[in-house]
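Me: I am new to this structure and would like a close look at a single part. Please take one strand, say what it pairs with, and then set it in its surroundings.

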Amino acid sequence: MVKYVLLIAFLIFSSCDYLPQKPEMEDGNYSINIIAKYADISSGDTLLVDSASVYLSSYDFDIPEISGITDDSGQVVFTNLITTEYNVSVKGIVKRPFINNPDSLINLSVLGYGNVIPGVSEGVDTIYTISSGAEPGLKINELYTVGSPNNFFYFFDQYIELYNSADETKYLDGMIFCRMSYGLCCVTYIFQFPGEPLIGREYPVEPGEFVILAGDAMNHITLESGTIKLPGSVDLSEADWEFKNSKDYGDWDNPDVPNIDNIEVGHTRDFLISLTSDVVLLADGSDLNYLDGIDVESVVDCVEYSSSSTHTKDIETSVDQGYGGIGLSKYSGQSLERIEPGFDSNNSTYDFEIIEAPTLWYHHE
Amino acid sequence: MDSMIKISRKYFSLLFLLSFITLPLFAYNSTLIEKYEIDKNENVQPGLYSNIMNPAFYSFIGVEDNSIYKVSYLNEDRAFYRLYDAKSLNSNNISFSALKNLDSKSLLIASIYFSDSYYNDVYNSLEKDHYNTYYAFTDTTTGSFHYSGPQIAFTYSRNMLKYLYWGTDLHYGIETGLKDVYTQSESIFTNTDISTGFGLTNKDKTLFIGSFLRYISYQGKYESVKEYHDAITLMYFGYHLFGWENPGSTVTKSEYIDGINFGVNFYKKSLIFQDLNLLFSYIDGEQYSVIKAGSSSKPITRGATAIREKSFLFALDYSPEESRFSHSFVYEYSTKSDWAKSGLYDVLILENEESSQTFSLDESVKLGEKLKLRAATLQNVKSLDYKEYNFVFSNKVDLYSQITLMEIQYKLNALIELKAGFQLSSEELDYHWNSTKKNGLQYLLGVERLSPWGIIGINLKAEKQTFDAVSGNNKVYFTELYLR
C-alpha cells in the first residue's frame, strides 16, 4: 500500500510544472508586409506606389528607424523585427495627368501613415497615401509650448506659427484662436484677430508665408535687461502678432506688434497653454458665441497634443483624428512642427513631429 | 519493532504525500533576506542550516540557548567595476539573534537585523542590483543611493511526536532607498518569506528525513520624480535593448515576485562509524515575476520572468569531539533556467540556462590545547548559456572560481583567543565585465575575550581585488564587533 502511495505521489510531482507557460515564439522573428497605395479621388483610380520609401519606427524601444523601398507591386517586406507596434510612414511619387493637360504627367508627392500592431494586423498592411498639401489653407504649423531649459519654471516664451499652404492669399481678419478642453463644446480661452470675419482684407497671409503668434512678444533669450539669460529660448520681439488680454493690465504688450485680444467676458488672463497637453483651434470667426462651443463648420484648423502615449483624446476626431507630441518633455526647448509645411491629413499623430529647437518663420529640414 | 517500522512508514508516506500534493513550486531568490545566524557548536559546519532550509531540523539537531549581538561596517572602494555598479559602497549593519529552548521539545529563534547602506556614484541605474534583473530601470544621471531598513525573523521548531518534528519560519523585511540627485528615485522593497517543514527520525535520533515548503512574496516599487523638467527614465529589456518611458511628473516601476521552494532532506549521524555525519538535500523551486512601469495611475506591463531552480547537495562531516582532526566535504550541483517575455505580446525576449558544480573541503587540526589550524578550499565551475532574442546576442561560457583559506586560532589564555588568516580567491568573469578574471587576497584578524557579559569579539578583514589586464585595484574593509 505504501509503495503505491509513494508511486502516485512521485508521478504527480514529476508531472507538475506550475510556472506560466513559456512562449513558443522567440522575439526577433516578426515580419511586416506593407503595400503602399494612392487613391486618386478625382479619377477614382487606386494606384500602387512603387519605389516609395517606407519607414518603420517604434515608440516602445530605442531602435533605429528601419527603411525599405517598395517594389513594382508597391510592396515591401520587413523581416526579423522585434515584436512591437510600429509607426509606418510612406513617402513616394506617383505620376498623374496634369489637370490642364491630361496628356502630360506630373510627379505628385504622396505621404502616408499607419500603425502595425502585432496580433491585430494580419498578413499584409495597406497604407493609403495622400498627396501632400491636401486641404490647403491656413494651418497651425508649429507649437512651441514646453519652455526652454531653465530651473525657475519659465514658459512664457510660448508661440504658435501659422502657415498658408494654399495657392491664394488668406486673411486673418476676425479669425479666432481658441484653447479648448474636452471638445468643441468647451472653450477655455478665445482670442480674436482684429477686423471683420470672413470679409475683412486688412491682414493678409501670402501663400507660403509663416506667421508667428507670440504669447509675449519680447526677447526671451535675455530677460530683465540682460540679468537673466535663457540661451535656449526665442526672441519674439518681432513676432507678427501678440496675444494680449486688454483686461490683464499686467500682461506684456509690445507696442510694435499688433494684438490678438481676448473676447471672453470676465477672463483676465493671458493666452497661455499647457506645456505638454492641450488643444488649440483656429476658426474663421463666423461663430463668436463661445458659450455653446465652436461650430465645426467654422473651424479652419485644430491641433491636439500630448506628451503621454496613454492620453485620453479630447477634441472630436472630425477636427483632429489623433494627437501629436508624444514624448515632449517640459523645459526641454523642444517644439512640435508639421512634418512638412502645411501638411495636413487631419491627424496630428502623423502630421506633427518633435524637433529639438523652435524654428521661427521657417520649417525644419 | 515491526509496529515501529509501520508507524515510521505511515508518517513517511504521509509526509511525502503532503509534500507532493501541494502546490505551485517556485524558487526563492531574494537579495533582501539575510539568513540570521545561530551560534553553533564550532564543529558543526556553518553552512549546514542554510543548506537544509528546513525549520524542523533545528529542534532535531539540538542547540543550546544562546544570543548574539553584532555591529558591523563594510567599506568597498572600487577602481574597477561594471558599468552600473557603485563606485564605492558603505554599509552599517546591526543585528540581534537569540535562540531559546522553550522546553525539552521546542525552541524559538528570533532575530532582528537593520541595514544602512550607501551606494555611491552609480551610473544611471536606479536598481540596487542592476545585473540581477532583466528589466532594469535607469535614468540619465549619476548619483548616490541610501538604502536602509529592518528585517525580522522568527523560527519555531518542535518535536511534535516521538519521531516527528515540525518547524515554521517567518521572515519579513522592508527597505527604502533614495537617490540624491534628479530623478531622485525613491524605492521601497518588502519581502515576506514563510516556510514550514516536517521531519521524521528513528528511535536513536540518528536519522532525519524531512521535507519543507516555502513561500516568498516580494514587491519592489521605484518612483522617479521631476525636478524642474519631467523625469526622464528608461527601461531595459534584457541587457542591451531599452525603451524610453514617457516623460512625466512621476515615472514608476513596480515588480511583484511570487515563489515557492520545495525541498527534501536526509541527514544521518554516525553513518558508518561514530561521528561521520551525512547530509543529502534536494531543493526545487519556481518563481514568477511581473514588471510594470509608466505613470503611477496607468502603469503598463513591461514584461514577466520565470525562474526554475534545482539544487542537489551532498555533505559529509567527520568532527569527533575527542579527535584533533575535523573534516568536512560538500558537493553541490545546481541548475537554473529562466526566461523573460514581452509585456504586451506572447514572445520570448531572452532565456538563460545555468548549471553549477561546487566542491568544498574543510580541514582542521588541533595542535595541543591552544593552537588550531584550519585549511579550506572551494572549487566551482559554472556553465552559462544566455540568449537574447530582441537584440540577437548570446553568450555561452564556462566560468571557474576558487577560494582557498588558511586560518590559525590561538588561545592566548583562559580569557582571550586570537584568530588570523588569509584567503586567496580567483573568479572568471562574465560578459558584463571588461576583464576576464578577478583575483582576491584577503587578510583576517580576530580577537575574542571572555567577559562577565559573555564573549566579546572583533573581526577585521581587509581584501584587495585585482583584475586581469586592468590597472588599479578594489579594496574591501570589513569590521565586526559582537557579543555572544
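Reply: B:D77 has B:K475 as its bridge partner in β20(B). This is a predicted model. The pair belongs to a longer match: β1(B) and strand β20 of chain B, residues 473-483, pair in the antiparallel sense. Their pairing runs over 9 bridges.

Now turn to the other pairing of this strand. β1 of chain B spans residues 66-77. Strand β2 of chain B covers residues 88-101. The two run antiparallel, and 12 bridges join them. One position shows the match: B:K70 has B:S95 as its bridge partner in β2(B). So β1(B) pairs with β2(B) through 12 bridges and with β20(B) through 9. In a regular strand, side chains alternate between the two faces of the sheet.

Step back to the whole chain. Chain B holds 3 helices and 20 strands. It has 484 residues, and 50% of them count as buried. Take the contacts in chain B with a separation of 6 or more: 63% of them come from residues 24 or more positions apart. The accessible surface of chain B comes to about 22200 Å². Carbon and sulfur atoms account for 59% of that surface.

Chain A offers another view of strand pairing. An open sheet there has 11 strands, with mixed pairing. Its order is β22-β21-β13-β14-β20-β19-β16-β11-β10-β23-β24. The edge strands are β22 (299-306) and β24 (352-355) of chain A, and each pairs on one side only. From one strand to the next, the twist averages 25°.

Look inside that sheet. Strand β14 of chain A, residues 187-192, and strand β20 of chain A, residues 259-262, run antiparallel. They are joined by 2 bridges. A:F191 stands opposite A:N262 in β20(A).

One residue of chain A rounds off the tour. A:S348 lies in helix α2 of chain A, which covers residues 348-351. Is A:S348 buried or exposed? A:S348 is buried, because its relative accessible area is 2%, and the cut-off for buried is under 20%. Its side chain makes a polar contact with the side chain of A:D320, at 2.5 Å. Beyond its neighbours within four places in sequence, A:S348 is in contact with A:C302, A:V303, A:E304, A:D320, A:G322, A:Y323 and A:G324.

Technical notes:
Residues are numbered from 1 along each chain as its sequence is written. Chains are lettered from A and ligands numbered from 1 in the order in which they are written. This is a predicted model: local features need pLDDT of at least 70, side-chain atom pairs count only at pLDDT 80 or more; totals for chains, interfaces and linings use all residues. Side-chain values use heavy atoms; hydrogens and water are left out. Helices (H or I, at least four residues) and strands (E, at least two) are DSSP runs, numbered from the N terminus. Buried means under 20% relative accessible area, exposed over 50%, partly exposed in between (1.4 Å probe, protein chains only). A polar contact is a pair of N or O atoms within 3.5 Å; within protein, one must be able to donate a hydrogen and the other to accept it, and residues adjacent in sequence count only if both atoms are side-chain atoms. Contact means heavy atoms within 4.5 Å. Two strands pair if DSSP finds at least two bridges between them. Accessible areas come from the Shrake-Rupley method with a 1.4 Å probe; for residues, only the protein chains shown count as cover. Axes are lines fitted to C-alpha atoms, for helices over the stretch in contact, and angles run from 0 to 180 degrees between N-to-C directions.
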